[in-house]
Amino acid sequence: MKDAFGIPQSLLILGGTSEIALATARRLVVRRTRTVWLAGRPSPALESAATQLRSLGAVVHTVAFDALDPESHETVLGKVFAEGDIDMVLLAFGILGDQAYDEREPVAAVRVAQTNYTGAVSAGLVSARALQAQGHGSLVVLSSVAGERARRADFIYGSSKAGLDVFAQGLGDALHGTGVHVMVVRPGFVRSRMTAGLEAAPLATTPEAVATAIELGLRRRSETVWVPGALRVVMAAVRHLPRAVFRLLPL
């Protein structure tokens, strides 16, 4: 169960090598979290992440999980929940893709959509049902400001995040009153491995800053978290710009 400040004792990360997810796990382990499940494709990076969290005092398990294999999600995640209650599920997997390449190769574009949206719908629903069955818990979904409005530079990735964001909002409404809390996290440009080599956008942030915002959101039981917070105002303006004007912006 969570403590009085909303910090989970047990955490399941879907996307166990995500820099944002691991920054969040480190922050939570230092405060309260004692058991962590890292779900992802088996790799040295996944084992390294587990070792790092164990060094902080957590009991860490790894589990083979593939976002692109939704037929396996119920079985894989069911085994995790069968081991005991999970206080928080952090849905953190996703790929950025290569916009120019993906426009030329539709199969590559579909892989972005299947990973970021279809896989997340499957894993999100399986996790939500398990949390509802135990009667408590939080599902934290890493969305992106890229889903707020389609940009020429990344509309394939952005469209997948837009779908994920709307799905998570609806899931939160469906679970309202059940004891399960759904929180959507919308970071801006995050300096990480995934964005290495790309020019940082205004109001760029870090995995550690996103982790801090997630912890605060858990304490407040927020439904939506923007990182940094100023993006809430910025994107409210961007959403309402006429398309003719929006196309002229250096985005």
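Biologist: Why is strand β5 (residues 137-142) described as largely enclosed by the rest of the structure?

Modeller: Six of the six residues of β5 are buried, so the strand earns that description. Buried means under 20% relative accessible area, exposed means over 50%, and partly exposed lies in between, with a 1.4 Å probe and protein chains only. A strand here is a DSSP run of E with at least two residues, a helix is a run of H or I with at least four, and both are numbered from the N terminus. The model is predicted: local features need pLDDT of at least 70 and side-chain atom pairs count only at pLDDT 80 or more, while totals for chains, interfaces and linings use all residues. Residues are numbered from 1 along each chain as its sequence is written, and side-chain values use heavy atoms, leaving out hydrogens and water.

Biologist: What makes both faces of β5 count as covered?

Modeller: In a regular strand the side chains alternate between the two faces of the sheet. G137, L139 and V141 are buried on one side, and S138, V140 and L142 are buried on the other.

Biologist: How do you know which strands pair with β5?

Modeller: Two strands pair if DSSP finds at least two bridges between them. Four bridges join β5 to strand β4 (residues 88-91) in parallel, with L90 and V140 as bridge partners. With strand β6 (residues 180-187), β5 has six bridges, also parallel, and L142 stands opposite V185. From β5 the chain crosses through helix α6 (residues 155-175) to β6 in a right-handed β-α-β crossover. Right-handed means that, with the strands pointing away from the viewer, the path from the first strand over the helix to the second runs clockwise.

Biologist: What makes β3 and β7 edge strands?

Modeller: The open sheet has seven strands in the order β3-β2-β1-β4-β5-β6-β7, with parallel pairing. β3 (59-64) and β7 (224-227) each pair on one side only.

Biologist: Why is L14 called buried?

Modeller: L14 has a relative accessible area of 0%, so it falls under the cut-off and is buried. L14 is in strand β1 (residues 10-14). Beyond its neighbours within four places in sequence, its contacts (heavy atoms within 4.5 Å) include A39, F65, L77 and A123. A92 is 78 residues from L14 along the chain, yet their C-alpha atoms are separated by 5.7 Å.

Biologist: What makes the crossing of α3 and α5 right-handed?

Modeller: A crossing is right-handed if the near helix is turned clockwise from the far one by less than a right angle, and left-handed if anticlockwise. Helix α3 (residues 73-82) and helix α5 (residues 106-134) pack at about 35°, with axes 10 Å apart. Axes are lines fitted to C-alpha atoms, for helices over the stretch in contact, and angles run from 0 to 180 degrees between N-to-C directions. Residues in this contact include L77 and F81 of α3 and A123 and V126 of α5.

Biologist: Why does R221 count as partly exposed?

Modeller: R221 has 47% relative accessibility, so it sits between the two cut-offs and is partly exposed. R221 lies in the loop between α7 (207-220) and β7.

Biologist: What sets the backbone of R221 and P228 apart from the usual pattern?

Modeller: Most residues other than glycine have a negative phi, and most peptide bonds are trans. R221 is not a glycine, but its phi is positive, about 55°. The bond from V227 to P228 is cis, with omega near -5°. P228 is in the loop between β7 and α8 (231-239).
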